[in-house]
Protein chains: 4
Amino acid sequence: MHSIMLSKGRMEALTDGIFAIAMTLLVLELKVPDLPKSASAHELLQRIGEEMPAAISFVISFLYCGLLWVLHHMAMHFIRHLQFALVWLNLLFLMSVSTMPFSCGLLAHFLRNRVAQEFYFGNMFAASALLALQWLVARNKKLINEDDPQRSQLMGQQLMFFPVALAAGLVASFFNPQAGSYAFVIVLVAMRIWQRKWHRKNAANP
Amino acid sequence: MHSIMLSKGRMEALTDGIFAIAMTLLVLELKVPDLPKSASAHELLQRIGEEMPAAISFVISFLYCGLLWVLHHMAMHFIRHLQFALVWLNLLFLMSVSTMPFSCGLLAHFLRNRVAQEFYFGNMFAASALLALQWLVARNKKLINEDDPQRSQLMGQQLMFFPVALAAGLVASFFNPQAGSYAFVIVLVAMRIWQRKWHRKNAANP
Amino acid sequence: MHSIMLSKGRMEALTDGIFAIAMTLLVLELKVPDLPKSASAHELLQRIGEEMPAAISFVISFLYCGLLWVLHHMAMHFIRHLQFALVWLNLLFLMSVSTMPFSCGLLAHFLRNRVAQEFYFGNMFAASALLALQWLVARNKKLINEDDPQRSQLMGQQLMFFPVALAAGLVASFFNPQAGSYAFVIVLVAMRIWQRKWHRKNAANP
Amino acid sequence: MHSIMLSKGRMEALTDGIFAIAMTLLVLELKVPDLPKSASAHELLQRIGEEMPAAISFVISFLYCGLLWVLHHMAMHFIRHLQFALVWLNLLFLMSVSTMPFSCGLLAHFLRNRVAQEFYFGNMFAASALLALQWLVARNKKLINEDDPQRSQLMGQQLMFFPVALAAGLVASFFNPQAGSYAFVIVLVAMRIWQRKWHRKNAANP
């Protein structure tokens, strides 16, 4: 009954809206320095320079949200229609996107604090995992358009990259903060290489 | 004259926009702890832990707004076209949605305070009652698509669940705060059971 | 050249977005009372009661923005296509809508202050005047669909109601604050009566 | 593979959303004066008057964002379909739009400070340059509809106006703050005159 009533269009409109707001609220972490109006150019430059960690964490978070939005956008092309389970998973996904400004603010303020780092990467992981979970549920419920099975498999693989790499990074960072970043990059690159090989083999003998 | 001029599309666009913003503003209640940048991981974790009530109230509010959005979304499928009364009721409904961040912030800060609880549940009640009222007005004005009368009746029943259960909870909570939660859950479950029976009976002999 | 390139759809999307945000930001004027977490229910209720002026100014502003949105929505049905002049007038209109949260906050804080009142009503006047101006410019440039000339004349008249009544109120309030409210209501009612008569006469002998 | 999956519609929805929010957040720089509720009309007027720089910087920023939105809107009409490079350039463009409230706040607070001025104009330059870059990349990848080559060339020229004029202003302002404004205006006017001549010549002998 419900599949007809849940239109992809409005789900996408809510998704685009929440992404637009979360991405714009990220910048609220950049605060106008609290200096007297007569502050010298040098003083102001120095204080803006001190906000570098916040600025970097803003840029990374904005681009990561952009990436999630692109992946969501692409994945939705394969979904034939929605069902309740997908709508609720998407709302949970949007919830994890809407907490990004908080996690980003936490990291910007406590850049070298392990709790802030794990919170931030945990938030990134939750968002990408909920996006991947939507795909798995949709595939399970036969809601994915399989006209071109190789393309939809490639899409599914791409959605797994970030949750797996972020999970590897999170686990490794319990032993050593730096190991976390290494593990994240190594897993991401390894998956990409494996996907290329898999793609070439399948393209050769379909 | 006006029915042709009030397009469902723009009403939905404004609705999706206000929901997206209200849901994202909810997270502003989660504040980055006001600690020195050199705070230890332990201190930060403890301070984040103290925000648990705010986090729980954020999660519940986000999911409740999501639920209202899904119900609005589904109900709009049955509305053939808009009239002024519906547009204004929808604006009042959106007003009650836009106050959710305030009520949620109030509850997050004064979790055990009866006034905050009643404000919060009163806001939830107002939102769901205004949504149900739209349906009643639309039915009264014959604006509902009755091609499949059983489906539209089911939809109408579903819209009544939350205002009735929340009203029961609010009334009971005047006698005893815990009775409020119990009354809410009992009424919600009772209505669901009754609806299933009603649905089975009607499906059997239509 | 440009008329084809300026789509009504995207102008409406930006308009709906700015309305949705301005209307939701209005509520930020309602502040969670700055009391200790252990405050009694009585204390909290009293402090919330003190925010009544802010709450009233929020409700009025929300409904007024809703009214402007409904008028914009209806007027756009008559516009055949856009031109640069209309796009820029609409951007100025949106600018006056986006300052409503500021004017509303000013009035909420300084309810009995004449400067705050004049700022608030001046903002309301600017918004409704810019909306009416769009109509006049569109009519002048023959961009209005005149298939049903009486309906489009009614629409044009309706757009004049608020700027004229608000201007009367603003002028009268320079002499006496209360005279402002009276003038506003009298002019609004007078115009509505005049429009009904005009409409009946035209419907009788078209 | 991807060109089909990246729909212009959703990219425009995200763009409209981020513009709507950034333009509305600009107004948050206008702060309700921190005076006691009993402040006299005179005092309030004076304090609002002191916010003039913030108000001017708000108006300019709002109109500049409006201009970028109009240019983006018009340019998108020429783009036949999207590719990844364009999506990511557009996300970078949106990032530079989302930082406008911060740059605007900085300028509002430190109006005569050279660092604030350069930050603000640098942000304006980045936004317009990223918009122009999208056009250049799209042209390079043959994604631009050249049905009417003169119109698309005019569009491309128009997109170059602001980044070039702002770059001239920024360079000149390193020598002398006032020279910056002069250089900006001179270059803008010169380009406009040159474009008119070029347009007339091409229209004469196509």
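**Exercises on the contact between chains B and A**

About 3300 Å² is buried between chain B and chain A, and carbon and sulfur atoms give 78% of this area. Buried area is the accessible area (1.4 Å probe) lost by two parts on being put together, summed over both. The model is predicted, and side-chain atom pairs count only at pLDDT 80 or more, whereas local features need pLDDT of at least 70. Residues are numbered from 1 along each chain, and chains are lettered from A in the order in which they are written.

**Exercise 1.** State how many residues each chain brings to the contact.

*Solution.* Contact means heavy atoms within 4.5 Å. Chain B brings 40 residues and chain A brings 34 residues. In chain B, the residues that lose the most area to chain A are B:Thr24, B:Val32 and B:Trp69, together 16% of what that side buries.

**Exercise 2.** Find the number of salt bridges between chain B and chain A, and describe one of them.

*Solution.* A salt bridge requires a side-chain nitrogen of Lys or Arg within 4 Å of a carboxyl oxygen of Asp or Glu. The count is two salt bridges. One of them joins the side chains of A:Arg10 and B:Glu12 (4.0 Å, N to O).

**Exercise 3.** Determine which turn lays chain B on chain A.

*Solution.* The copies are superposed by least squares on C-alpha atoms of residues with pLDDT of at least 70 in both. A turn of 90 degrees with a shift of 0.0 Å along the axis gives an RMSD of 0.1 Å. This is the relation of a four-fold axis. Of the residues of chain B, B:Gly17 comes closest to the rotation axis, at 4.3 Å (C-alpha).

How values were computed. Heavy atoms only, no water.
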